[in-house]
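User: I'm new to reading structures and would like a close look at one part of this one: the places where the ligands sit. Could you walk me through it slowly and explain the terms as you go?

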Amino acid sequence: MAARVACLPGDGIGPEVMVEAVRVLDALGIEHAEYPFGGAAIDALGTPLPDETLAAAREAEAVLLGAVGGPQWPPGACEKGLIDLRGALDVYANLRPAGTLVIVRELVGGLYYGARGTRPDGTVFDTCEYTPAQVERVARRAFELARTRGGKLVSVDKANVMETGRLWRRVVSELAAEYPDVELKHGLVDSVAMWIVMHPEEFDVLVMENTFGDILSDVAAGVFGGLGLAASASLGDGTLGVYEPVHGSAPDIAGTGAANPTAMLRSLVLALEHSLGEPEQARVLEAAVDAALASSPTPDVGGRATTRQFGDVVLRALAPAPTVGSSR
Ligand code: NAD
Ligand code: IPM
Ligand code: MN
């Protein structure tokens, strides 16, 4: 039988932060199993997304993913496993909360999935393509999310230059009639990037193309404390979701014990909420992580705790020691 949670540690700091998430899963009594993915899977099995891993991901309730990639593998080789996994599971709406805003990144289309290749003259090309239906389904998710939050949605595009940008704007505008309670604004990606840096508090929910979302989610993470904090949830039409930090394998700090497991643990919070049907456990874990950030921060957020020490503080908060003299 498949595990409830399929854990894909991957490479670099991926396995280091995954260990802390697995300790939390054990403490919560949630069954899980680990599968090879990314560079580690290339080394062991010759492919970044082995069949066994994809099958386990399909059968799980949630996929927890560390990070993939590193200088020891050919560029793009590990990352292809991640892009293929997202496509195969059709998790098209990638929610990336950062501070007071949430970016909804279209995850299985756009520039990442369009036609690409090399022409005989040596020209290399990647193309950005969207069907109206692809834009509509992710925009709908963003409207629905905005409705449960501050009621404000900014749709981000490059409609002043790109055909896909004009399609994006038209489809989102048409959908707005169904959500009169949501205030919709359109923004061009370059100026929205600047506004996120200068006035992040003005945003609530933002929705955008795959590549724009990749870039702006790192920008938003930077504005709100760094990549060590930024979690994500990738959702499709069913309850299965892929939960992963926004950050990568961080080869510059891998093996030093300095990785901040917050992004990974907050991704687990999102999994408890959206796929595992455990909203109360989600709140408890979220509070435990916030407390650990306050008392035992890792170096990226100005402290000295190691990944393991941070995890220890989270676990202690989840399972408080019995008080002296307690009858239980
Ligand atoms: P990165 O996100 O790995 O690291 C950027 C910077 O942020 C580094 O200085 C790193 O030390 C720091 N950082 C990231 N996560 C941190 C954490 N949890 N705690 C403390 N500091 C943290 O980006 P990069 O260096 O450009 O990419 C490295 C590799 O990761 C590349 O191969 C890239 O393709 C891959 N990548 C994978 C994913 C993923 O698997 N989801 C995401 C992004 C990048
Ligand atoms: C992310 C990462 C991935 C992406 C890479 C590793 C394929 O940067 O999840 O943000 O670009 O989507
Ligand atoms: Mn990215």
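Analyst: Below is a walk around the two ligand sites, followed by a few residues in other parts of the chain.

First, some ground rules. This is a predicted model, in which local features need pLDDT of at least 70 and side-chain atom pairs count only at pLDDT 80 or more, while totals for chains, interfaces and linings use all residues. Residues are numbered from 1 along each chain as its sequence is written, chains are lettered from A and ligands numbered from 1 in the order in which they are written, and side-chain values use heavy atoms, with hydrogens and water left out.

Let's begin with ligand 2. Its shell consists of E79, L82, I83, R86, R96, R105, Y112, D214 and V246; to be near, a residue needs a heavy atom within 4 Å of the molecule. Sorted by character, that makes four nonpolar residues, no polar ones and five charged ones. Here Ala, Val, Leu, Ile, Met, Phe, Trp, Tyr, Cys and Pro count as nonpolar, Asp, Glu, Lys and Arg as charged, and the others, Gly among them, as polar. Helix α4, residues 77-89, gives the largest share of this shell, with four residues. Helices (H or I, at least four residues) and strands (E, at least two) are DSSP runs, numbered from the N terminus.

Now for the atoms that meet. Side-chain N or O atoms of two residues each have an oxygen of ligand 2 as a partner: for R96 the distance is 2.8 Å, and for Y112 it is 2.5 Å. R105 joins in too, with a polar side-chain atom 2.8 Å from a ligand 2 oxygen. On its own, ligand 2 has 320 Å² of accessible area, and the protein covers 80% of that. Such areas come from the Shrake-Rupley method with a 1.4 Å probe; for residues, only the protein chains shown count as cover.

And the space itself? Ligand 2 takes up the second largest pocket. To find pockets, a 1 Å grid is laid over the protein atoms alone: a cavity is a set of points where a 1.4 Å probe fits but cannot get out, a pocket is an open set with protein on both sides within 12 Å along at least five of seven lines, and lining residues have an atom within 4 Å of a point. A molecule sits in one if more than half of its atoms lie within 2 Å of its grid points.

R105 deserves a second look. You'll find R105 in strand β5, residues 101-106. R105 counts as buried because its relative accessible area is 1%; buried means under 20%, exposed over 50%, and partly exposed in between (1.4 Å probe, protein chains only). Its side chain also makes a 2.7 Å polar contact with the side chain of N210. That term means a pair of N or O atoms within 3.5 Å; within protein, one must be able to donate a hydrogen and the other to accept it, and residues adjacent in sequence count only if both atoms are side-chain atoms.

On to ligand 1. It has 21 residues around it, and V68, E79, G248, A250 and D252 come nearest. E79 is also in the shell of ligand 2. The full ligand 1 shell splits into 10 nonpolar, seven polar and four charged residues. Backbone atoms take part here: a backbone N or O of V68 is 2.8 Å from an oxygen of ligand 1, and one of G248 is 2.7 Å from a ligand 1 oxygen. D252 uses a polar side-chain atom, 2.7 Å from an oxygen of ligand 1. The protein covers 69% of the 810 Å² of accessible area that ligand 1 has on its own.

A250 has a twist to it. Its phi is positive, about 45°, although A250 is not a glycine. A250 lies in the loop between β12 (241-243) and α9, and is called partly exposed because its relative accessibility is 22%. D90 also has a positive phi without being a glycine, near 55°. D90 belongs to the loop between α4 and β4 (93-98).

Last, follow that loop after β12 into helix α9, residues 262-274, where A271 is found. A271 is buried, since its relative accessibility is 1%. Its C-alpha is 8.2 Å from that of A282, 11 residues away along the chain. Helix α10, residues 279-295, holds E286, whose side chain makes a 2.9 Å polar contact with the side chain of R283.
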